[in-house]
Amino acid sequence: MKRRRCLSLLVAAPALASATEPAPLFIEGYADHLSVAQGEEMALHVNTSGAKFDVEIARLGAERVVVWKKAGVLGVNHPVPEDASSQGCRWPESLRVPVAKDWKSGYYEVTFRTADAGGKWTHRSRRTAEGSAFFIVRAAQPGSRSKILIQLATNTYNAYNNWGGFSVYAYNSLSNNQGHRVSFERPPASQFSRWELPFVKWAEANGYELEYAANSDLEFHPEMLASYKLVLSVGHDEYWSTPMRDHLESWIGKGGNVAFFSGNTCCWQVRSEDEGRAFTCWKQNYHLDPIFQTREFQTLSTLWSHHLLQRPENALTGVGFLWGGYRRSHGQFMEDHAAYQVHRPDHWALAGTGLKTGALFGDKDTVVGYECDGCELEWKDGLPFPTGRDGTPKSFEVLATCPVRWHPDDAEWYERWEKGRTGAACMGLYTRGGTVFTAGTTDWAHGLQGGDAAVQKITRNLLDRLSA
């Protein structure tokens, strides 16, 4: 009898092991605000299958500097709401971080870590899981350390984030079903390291101190602008609300300067909701936006350059995506150079570069790349001038250009699109109160990262002159 019982246990063993597979180990979370001022607190909301977890917070700049750690925080596994993409996770607060007054203004990466010893009966190996979030520390006294404010493209981060199933893009959403409302209260998908971090590393390594804000701070904390001389947009700053734009344009009218080292800038209008905890953007489906039914189109959440809005981004940046497009992406100009051709080498922005008329720069680092903005041009005596018909100020000086083109899939929905049109990325500037410069490309910072001498010198010229 004893031997039979042992045999029966051996036979049952595989079923036992299968029934006791260890549950997945995971950890993820988010900060309860996009930005916080020095001396305030930031709450973190964490969901994990681990019994305990650790937190590390580091400022990312020329160096990664760890500023705060906490170990052994109690872990809780929370449910994920079906509407988390649009309405947020609604997880309770896990802990609070005291943001010290001496923390430098900047982008702060939050790293969550948890570990266990595997399963109870099988798979007894050490397992680890790691998640991340971020928040921005604003200067408690704006302008006290720098007269340059870099406002990070946090709306764009959120627009592409498909955590929970949906972004405002069909290609990376469940069943290719594009969402129209996206919440910030879910684990983020930051794009900081792709564009802004290379710019920040170069700037800090070259003696430029910056103060930081989120996109939405232009909407909810516009009073800070009065303390700065120069505002920066870097990389992929695609989604803007009406208050953001209103406040910045008003400040420019009073003499404030802006440098858009970015492309596809201010392309789509969004409407902030729940005091900035989410935003709505109907994009191509603008006819489904409740605003469309009111015929009060000023805040219609579609292209800023859409004819119903009558407020193309060109009036702010000098350029726009309708006359821009792609270079070395989306199948457009994939085998061609990705460089700007110089048209006005004697302009102060190009001083010291040694560039001559017709010279190319930026090709090695694909500076004119991914998404680019331009304007309708007319040529006189071999030089480009804006027509002004697309909203670009007539005083806009075109310093350099490069051919770009939309992909047909992006353009066919817009009934006023001229199919097959080739536009031009345009680098230039205008003055109307303050001076506004645009690089006209998302990838300008890649030239700084790659050590392109012309890109670096032009950037220095702009920072030095416009922040003085």
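**A walk through the loops, sheet and pockets**

Glu-275 sits in the loop that links strand 15 (268-273) to strand 16 (278-280). This is a predicted model. Phi of Glu-275 is near 55°, a positive value in a residue other than glycine. Is Glu-275 buried or exposed? Its relative accessibility is 72%, so Glu-275 counts as exposed, the cut-off being over 50%.

His-123 also has a positive phi, of about 50°, and is not a glycine. Its loop runs between strand 7 (106-116) and strand 8. The relative accessible area of His-123 is 46%, so this residue is partly exposed.

Another loop joins strand 18 (340-342) and strand 19 (360-361), and Gly-354 is found there. Gly-354 has 59% relative accessibility and counts as exposed. Follow the chain from Gly-354 to Ala-453, and 99 residues separate them in sequence. In space their C-alpha atoms are 9.9 Å apart.

Now turn to the sheet. It is open and has 5 strands, in the order 2-8-7-4-5. The pairing is mixed. Which strands form the edges? They are strand 2 (35-37) and strand 5 (64-74), and each pairs on one side only. From one strand to the next, the twist averages 30°.

Look at the end of that order where strands 4 and 5 meet. Strand 4 covers residues 52-60. It runs antiparallel to strand 5, and 8 bridges join the two. In this pairing, Lys-52 stands opposite Leu-74 of strand 5.

Strand 4 also holds Arg-59. Is Arg-59 buried or exposed? Arg-59 is buried, because its relative accessibility is 8% and the limit for buried is under 20%. What does its side chain reach? A polar atom of the Arg-59 side chain lies 2.9 Å from the backbone oxygen of Ser-105. The side chains of Arg-59 and Glu-204 are joined by a polar contact of 3.0 Å.

Thr-154 is a second buried residue to inspect, with a relative accessible area of 1%. It belongs to helix 3 (residues 154-160). The Thr-154 side chain reaches the backbone nitrogen of Asn-215 at 3.1 Å.

Ser-216 lies in the loop between strand 11 (211-214) and helix 5. Its relative accessible area is 10%, so Ser-216 is buried. Ser-216 and Trp-240 are 24 residues apart in sequence, yet the C-alpha to C-alpha distance is 8.6 Å.

Next comes the empty space. Rolling a probe the size of a water molecule over the atoms shows where such space is left. How many cavities of 30 Å³ or more are there? The count is 1. The largest cavity has a volume of about 30 Å³. Its lining consists of Ala-153, Tyr-157, Gln-191, Trp-195, Glu-196, Val-234, Gly-235 and His-236. Strand 12 (residues 230-236) gives the largest share of this lining, 3 residues. By class, the lining residues of the cavity divide into 4 nonpolar, 3 polar and 1 charged.

The largest pocket has a volume of about 510 Å³. Its lining counts 32 residues. Which of them lie nearest its centre? They are Asp-32, His-33, Leu-34, Ser-35 and Gly-276. Several elements each supply at least two lining residues: strand 1 (27-31), strand 2, strand 3 (41-48), strand 8 (127-138), helix 3 and helix 5 (217-220). Strand 2 is thus a familiar name here, being an edge strand of the sheet. The lining of the largest pocket divides into 13 nonpolar, 9 polar and 10 charged residues.

The second largest pocket holds about 450 Å³ of space. It is lined by 22 residues. Tyr-169, Lys-283, Gln-284, Tyr-326 and Asp-410 lie nearest its centre. Strand 17 (320-327), strand 20 (370-374) and helix 9 (408-411) each give two or more residues to this lining. The lining of the second largest pocket has 12 nonpolar, 5 polar and 5 charged residues.

Conventions
Residues are numbered from 1 along each chain as its sequence is written. This is a predicted model: local features need pLDDT of at least 70, side-chain atom pairs count only at pLDDT 80 or more; totals for chains, interfaces and linings use all residues. Side-chain values use heavy atoms; hydrogens and water are left out. Two strands pair if DSSP finds at least two bridges between them. Helices (H or I, at least four residues) and strands (E, at least two) are DSSP runs, numbered from the N terminus. Axes are lines fitted to C-alpha atoms, for helices over the stretch in contact, and angles run from 0 to 180 degrees between N-to-C directions. Buried means under 20% relative accessible area, exposed over 50%, partly exposed in between (1.4 Å probe, protein chains only). On a 1 Å grid over the protein atoms alone, a cavity is a set of points where a 1.4 Å probe fits but cannot get out, and a pocket is an open set with protein on both sides within 12 Å along at least five of seven lines; lining residues have an atom within 4 Å of a point. Grid points are joined across faces, edges and corners, and a volume is the space filled by probe spheres set on the points. Ala, Val, Leu, Ile, Met, Phe, Trp, Tyr, Cys and Pro count as nonpolar, Asp, Glu, Lys and Arg as charged, and the others, Gly among them, as polar. A polar contact is a pair of N or O atoms within 3.5 Å; within protein, one must be able to donate a hydrogen and the other to accept it, and residues adjacent in sequence count only if both atoms are side-chain atoms.
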